[in-house]
Amino acid sequence: WSYLIKTYLYFSVLLVKCLFLFLLTVTVFLSTLTPKFYFALTVTSSFISGLIFVFEWWHFRKYGTSFIEQVSVSHLRPLIGGAESSPPAPAAFSAGDNETSRQNMPECKVWRNPLNLFRGAEYSRYMWVTGKEPLTYYDMNLSAQDHQNFFTCDTDALRPSDTVMQKAWRERNPQARIKAAYQALELNNDCATAYVLLAEEEATTIVDAEKYFKQALKAGEMIYRKSQNCHSQSPQHEAQLRRDTNVLVYVKRRLAMCARKLGRIREAVKMMRDLMKEFPLLSMLNIHENLLEALLELQAYADVQAVLAKYDDISLPKSAAICYTAALLKARAVSERFSPETASKRGLSTAEINAVEAIHRAVEFNPHVPKYLLEMKSLVLPPEHILKRGDSEAVAYAFFHLQHWKRIEGALNLLHCTWEGTFRMIPYPLEKGHLFYPYPSCTETADRELLPTFHEVSVYPQKELPFFIHFTAGLCSFSAMLALLTHQFPELMVVFAKACFGTLLSPFSFITENVEVLLLSSLWHRPT
């Protein structure tokens, strides 16, 4: 035992002396450093922390997450054993959960924009002028899938022209699609889908697009009548009738939109009404939204109210066009005489309360719209597909309806005074809504895919900046301040740095000086 005690004492004293010598060496080294070293150290630290801060900020703006946090969670946590095993999926859901899931799923579904622009006459002209691509690859890919679903069927192999068009809708290159459309017309001069493609992509003006669509209408009506006569013969003929119906409805709708863009608004309204009467089961195409916009341009507010009475129903899916148009009509009744100062003194009248509630309802459905209507955010061309309650839907609505809000005196003022009050009613929008289901959390990701990269996507609710952005910003600022002080007052900062290091090392020096005495006294007491 005495031998073991002596060995333990020897190595303990040796370790303490080594630690003391190391701290003494560090102290001597720090005391010999020049002000240039401290200046270089602080500048380098500020530069590196600044680079990390800029990268973290860029990553958060682009992807909505912190890069350091993402790496630590996805890569470092499993290495240190912090990964939690995900619980197995339950075998069955309750009726309430099932109903909630069923109701929430459509909120993140991407829909065809009912007022989408023409590629050749509008989107392409924008790209020629600005050099910016207004449509994303994801958006155009969705359109290609829509065209294949709308304009193709299983019997296309029986007709050479339809076979060519079936391949044309799958082409990525616009010139290849246009070339294929001309090939289809050489095989069959009455190929309606070929005229549709040329109207959408080759026509550089709305007038040219309308000419192509009129040719498509003539060919489409003839093919539709033939399909009606033999649709009951086989399932293949029924599929062909559905395809021909889709083509006819699409052509008539686009012709109505051409008339609207060319200023023949009453003609466009008549075409839309006739189309809705002829094909009442195709309400999922949202032709009523085209009709609402045209009626607002005519300032036929009674007709607008009649359309809303039919489609603004609790059993039907909502849209920004329906909610904000309903708010606009109620605001129209009070906006001209509305004054926030007067309202705060005498209180709101019944009509003003109804208008404010309608605005709150619309803002809860899509909170991105007011900033575009109030011109707090810049607009871009609307995409061909939109996400309901998302930024893409807000862009599409404001692009066409901003002029209608401006036309009604005081409407934008009423919106400006009341729209932010909506958020007091829904403090936790992702968990619980007021009049609608909780706001879906998937909108930001989908909107970034639908909207061009040069557009700043609106995010709701606003995300708090991650901890590492605050940390790197503070570190960069602190290092830059030290570098500036070291450059201006080198001698004083050297004294300050030595004092700081001395203060930090003083506890270790105290321990090393007293540990030898403590060890010796404890070892002498142990044998006794």
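**Exercise 1. The contact of H13 with H19**

Which residues of H13 meet Phe400, His401, Gln403, His404 and Arg407 in H19? Describe the packing of the two helices in this predicted model.

*Solution.*
- Step 1. On the H13 side, the residues that meet this set in H19 are Glu293, Leu296 and Glu297.
- Step 2. Sorted by class, the contact of H13 with H19 comprises two nonpolar, three polar and three charged residues.
- Step 3. For the geometry, H13 covers residues 287-298 and H19 covers residues 391-407; their axes lie 10 Å apart, at an angle of about 35°.
- Step 4. H13 and H19 cross in a left-handed sense.

**Exercise 2. The contact of H8 with H9**

At what angle do H8 and H9 pack, and how do the residues of their contact divide by class?

*Solution.*
- Step 1. H8 spans residues 174-187 and H9 spans residues 192-202. The packing angle is about 150°, and the axes are 9 Å apart.
- Step 2. The crossing of H8 with H9 is left-handed.
- Step 3. H8 contributes Pro174, Arg177, Ile178, Ala181, Tyr182, Ala184 and Leu185, while H9 contributes Ala194, Tyr195, Leu197, Leu198, Glu201 and Glu202.
- Step 4. By class, ten of these residues are nonpolar, none is polar and three are charged.
- Step 5. The spacing along a helix can be read against a general rule: an α-helix has 3.6 residues a turn, so residues three or four places apart point the same way.

**Exercise 3. Helix H11 and its partner H10**

Does the length of H11 agree or disagree with the span expected at 1.5 Å a residue? How is H10 oriented relative to H11?

*Solution.*
- Step 1. H11, residues 235-261, has 27 residues and should span 39 Å at 1.5 Å a residue. The C-alpha atoms at its ends are 39 Å apart, so the length agrees.
- Step 2. Of the 27 residues of H11, 20 are buried, and H11 is therefore largely enclosed by the rest of the structure.
- Step 3. The axes of H10 (residues 206-230) and H11 come within 8 Å and cross at roughly 155°. This makes the two helices roughly antiparallel, because the angle is over the cut-off of 145 degrees.
- Step 4. The crossing of H10 and H11 is left-handed. Their contact contains 13 nonpolar, six polar and seven charged residues.
- Step 5. After H11 comes Gly263, with a positive phi near 90°.

**Exercise 4. Three residues in helices**

Are Tyr123, Leu308 and Glu352 buried or exposed? Which residues do they touch beyond four places in sequence?

*Solution.*
- Step 1. Tyr123 belongs to H5, residues 119-130. Its relative accessible area is 3%, so Tyr123 is buried. Tyr123 touches Asn116, Leu117, Phe118, Pro134, Leu135, Leu381, Pro382, Pro383 and Glu384. One of these, Pro134, is eleven residues from Tyr123 in sequence, with 6.5 Å between the C-alpha atoms.
- Step 2. Leu308 sits in H14, residues 301-311, and is buried at a relative accessible area of 3%. Leu308 touches Leu292, Ile322, Thr325, Ala326 and Leu329. Ala326 is 18 residues from Leu308 in sequence, and their C-alpha atoms are 7.1 Å apart.
- Step 3. Glu352 is part of H17, residues 350-365. With a relative accessible area of 5%, Glu352 is buried. The contacts of Glu352 are Val334, Phe338, Arg346 and Gly347.

How values were computed. Residues are numbered from 1 along each chain as its sequence is written. This is a predicted model: local features need pLDDT of at least 70, side-chain atom pairs count only at pLDDT 80 or more; totals for chains, interfaces and linings use all residues. Side-chain values use heavy atoms; hydrogens and water are left out. Helices (H or I, at least four residues) and strands (E, at least two) are DSSP runs, numbered from the N terminus. Buried means under 20% relative accessible area, exposed over 50%, partly exposed in between (1.4 Å probe, protein chains only). Contact means heavy atoms within 4.5 Å. The expected span of a helix is 1.5 Å times one less than its number of residues. Axes are lines fitted to C-alpha atoms, for helices over the stretch in contact, and angles run from 0 to 180 degrees between N-to-C directions. Angles under 35 degrees count as roughly parallel, over 145 as roughly antiparallel, 65 to 115 as roughly perpendicular and the rest as oblique. A crossing is left-handed if the near helix is turned anticlockwise from the far one by less than a right angle, and right-handed if clockwise. Ala, Val, Leu, Ile, Met, Phe, Trp, Tyr, Cys and Pro count as nonpolar, Asp, Glu, Lys and Arg as charged, and the others, Gly among them, as polar.
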